[in-house]
Amino acid sequence: MAKKKAAAADVNAAPAEKKYMKPSEIVTFGIGLFGVALLTGWMPDYTMTFFADFAFKGKGFDSAQLATIVASVFGFAGAVGAVCELIIGILVDRTRTSLGKVKPWVGFGAIPLAIISLLVFIAPNTSSFTVATIWMFVIYSLYTAVSCAVESPSNCFGALCSPNPSERSSAISIASFLRSVGQSGGQVVIIVVPVIMKALMGQQQYKNAEGQGLDLIISTAVCALGMIIFVMIFFANNKERVPYTNEKVSLLESIKFVFTNKNLLMVSLTKFTGFGRGVYGTVSLYIAIYLLGSKGLKLALMLPMGIGTAVGTLLVNFVLKKFSTKKTYIIFCCYGASALAILYFVSRGIGFNSHLIVPFLILNFFCGIQHGNTNVTPNIMIADCVDEMEYKYGKRQEGLAYAGYGLISKIASACTKGFAPWLVYTWSKYQFSTSANVAYAKQSDATLNKFLAIYTIIPAIFVILQFVPILFYDMVGEKKDRITAALAERRAAAGETQDDDESLAEEVAEAVEAQAVEANEQNAE
C-alpha cells in the first residue's frame with residue numbers, strides 16, 4: 001500500500017521535471033505524423049489539378065463552368081471537414097479503450113484513408129457534366145471526412161504523450177519537423193514515379209498516360225502504402241500517458257466550455273484570420289509548371305521551402321526557450337510577412353522567366369521558415385489550453401479542444417479552397433488545355449504575374465492578420481506555471497485516493513473470504 005502511494009506520488013508529483021517518454025517514442029510519434037502527411041500533405045493541390053485538368057479531359061465540358069464547380073467542390077468539402085472535425089473530436093473524447101482515446105482512431109483509420117485516397121484519382125468515364133459534378137462533390141467530401149478521422153486524432157496525441165509541458169513541447173516540435181518532411185516526401189514520390197514510368201513506357205506513351213493522370217494514381221498508391229506502414233510503427237510503439245477524466249458531460253456542455261475558453265478560441269481564430277495565406281499552395285503547382293517546366297518539379301520549387309520549414313521548426317524550439325509561445329508566434333508571423341513581401345518585389349523586378357528561378361528558390365527557403373511556427377506553436381498552445389480547461393472544470397477533453405481548433409481550421413480551409421481556385425482559375429484568367437496529349441496550355445504574361453501575387457503578396461497580407469488574435473492569448477508565464485503545478489498536485493492526490501479505494505476493496509474482499517472459510521469450517525463440524 002505505502003509503495004503504491006509512493007509510486008503514484010513519483011509519477012504525478014513533479015511532471016515539470018520528470019521524463020516520461022522513451023527516445024524511440026518521440027521518434028515514432030514523428031514517424032506517425034510523417035506517414036499521415038506523406039499522403040494528406042499533397043492530396044488537395046493535386047486533386048484540384050486532377051479534377052480541373054485531367055479527370056474529364058476530352059469530354060467537351062465548358063472550362064469556365066468546370067472552374068466554378070471545382071472551386072465549389074473544395075469549398076463544400078471544407079465545410080464538411082469543419083463538421084467532421086467537431087464530430088470526431090467529441091467521439092475521441094468518448095473513446096475509452098486499453099489502447100487509449102487517440103491511438104485506435106489513427107491505427108484503425110489508416111487503411112480506409114488509403115483506399116478512399118486512391119479512389120479520388122479514379123474518375124468515372126462520363127460525358128455528363130451532372131454526373132461528373134456529383135462524383136467530384138461526393139468523392140472529395142468523403143476523402144475529407146475520412147482524413148479528418150485520422151489526421152485530427154493524430155494531432156491530439158501531442159497533448160497525451162506526457163504530462164511534462166517541456167517534454168511535451170519538445171516531442172511536438174520534433175514530430176512537427178517530421179510531419180513537414182513527410183509533406184515533401186509525397187513530392188519525391190511524384191518525381192520518382194514518372195521517371196520509372198518513362199523508363200518502362202517510353203516518352204510518348206508516358207505523355208499520353210500523364211495526360212490522363214495515371215502518374216497521379218500510381219503516386220497515390222505508393223504514398224498510401226507508405227502511410228499505412230509508418231502509422232503502424234507509431235501505433236505499435238507509442239502510448240498515452242496523461243490520464244483522461246471520467247466525468248460524463250453533455251454535448252452542449254462540452255462545446256460550451258471549449259468554445260468559451262478565451263485562449264483556445266484565440267489560437268483557433270488565427271486559422272480564420274489567416275485563411276488566405278494558404279492560397280500559395282494551390283498556385284505553387286502552376287508556378288512549378290510554368291517556371292520550372294513540369295508539375296513533377298513542384299518538389300524543386302517546394303523543397304527549399306520545405307527545408308526552410310524544417311529549419312523553422314527547429315528554430316521555434318530554440319526561440320521557445322527564450323520567449324513565451326505568444327511572443328514566438330508573433331515574431332515568426334512578422335518575419336514571414338516580410339519574407340513573402342521581399343519575394344514578391346524581387347519577382348516583379350526580375351519578371352516571370354528563367355532568370356527568376358535561382359533567386360526565387362533561394363528566397364523560397366527564407367519564406368519557408370515561417371511555416372515552422374504555424375506547424376508547431378499552435379499545437380503547443382492547444383495542449384496548454386487543455387491543461388487550463390482541466391484546471392478550471394476538472395475535465396480533460398483533448399479531442400474536443402483540438403476539434404475546436406480543427407473546426408475553425410476547416411472553416412478557414414473551406415474559405416481558402418473556395419478563394420484559391422477563384423484566384424487561380426478566374427482572377428488570373430487561366431487557360432485550360434483542350435488536347436488529350438497536352439497536359440497544360442500556354443498562359444499569358446498577365447496570368448503568370450498574377451500567379452506570383454497569389455504565391456507571395458496575398459499570403460503576406462493574411463500572415464499579418466493571422467497573429468492579431470494571439471495578442472489576446474494569456475496562457476503564458478506565471479499563469480501557465482501555476483496551472484501545471486496545481487494539476488500535478490491533483491493527479492498525485494487522485495492517485496493516492498485510487499490506491500486507498502483499491503486497498504479498501506482488498507480488505508473487504510479478504511474479510512468476506514475469511515467469513516466464508518469460517519462458515520465452511522462450522523458447517524463441516
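Which residue just after α7 takes a positive phi? Some notes on that and on the helix packing follow; keep in mind that this is a predicted model.

1. The residue in question is G202, which sits just after α7 with a positive phi of about 90°. Worth a glance if you're scanning backbone torsions.

2. At the other end of that helix, N164 acts as the cap at the N-terminal end of α7. A side-chain oxygen of N164 is 2.9 Å from the backbone nitrogen of S166.

3. In between, the length of α7 checks out. The helix covers residues 165-201, and its 37 residues should span 54 Å at 1.5 Å a residue; the end C-alpha atoms are 54 Å apart, so expectation and model agree.

4. Now for the packing. Two packed helices are described by the angle between their axes and the distance between the axes. Take α2 (residues 23-40) and α9 (residues 214-237): their axes are 7 Å apart, at an angle of about 155°. The two are therefore roughly antiparallel to each other, and their crossing is left-handed. On the α2 side the contact includes F29, I31, F34, V36, L38 and L39, and on the α9 side the residues include M227, F230, V231, I233 and F234. Glycines take part too, among them G32 and G35 of α2 and G226 of α9. By class, the tally for this contact is 13 nonpolar, seven polar and one charged.

5. Next, α11 (residues 262-273) against α15 (residues 357-393). Their axes come within 9 Å and cross at roughly 160°. Angles over 145 degrees count as roughly antiparallel, which means α11 is roughly antiparallel to α15. The crossing here is left-handed. From α11, the residues involved are N263, L264 and V267; they meet P378, M381, I382, C385, E388 and M389 in α15. Sorted by class, this contact has seven nonpolar residues, one polar and one charged.

6. Last pair: α12 (residues 279-292) with α16 (residues 398-427). Here the angle is about 35° and the axes are 8 Å apart. The handedness is right-handed for this crossing. V279, T282, V283 and Y286 of α12 make the contact with T416, F419, A420, L423, V424 and Y425 of α16. What does the class breakdown of the contact of α12 with α16 look like? Eight residues are nonpolar, two are polar and none is charged.

7. To recap the handedness: α2 with α9 is left-handed, α11 with α15 is left-handed, and α12 with α16 is right-handed.

Conventions: Residues are numbered from 1 along each chain as its sequence is written. This is a predicted model: local features need pLDDT of at least 70, side-chain atom pairs count only at pLDDT 80 or more; totals for chains, interfaces and linings use all residues. Side-chain values use heavy atoms; hydrogens and water are left out. Helices (H or I, at least four residues) and strands (E, at least two) are DSSP runs, numbered from the N terminus. The expected span of a helix is 1.5 Å times one less than its number of residues. A polar contact is a pair of N or O atoms within 3.5 Å; within protein, one must be able to donate a hydrogen and the other to accept it, and residues adjacent in sequence count only if both atoms are side-chain atoms. Axes are lines fitted to C-alpha atoms, for helices over the stretch in contact, and angles run from 0 to 180 degrees between N-to-C directions. Angles under 35 degrees count as roughly parallel, over 145 as roughly antiparallel, 65 to 115 as roughly perpendicular and the rest as oblique. A crossing is left-handed if the near helix is turned anticlockwise from the far one by less than a right angle, and right-handed if clockwise. Contact means heavy atoms within 4.5 Å. Ala, Val, Leu, Ile, Met, Phe, Trp, Tyr, Cys and Pro count as nonpolar, Asp, Glu, Lys and Arg as charged, and the others, Gly among them, as polar.
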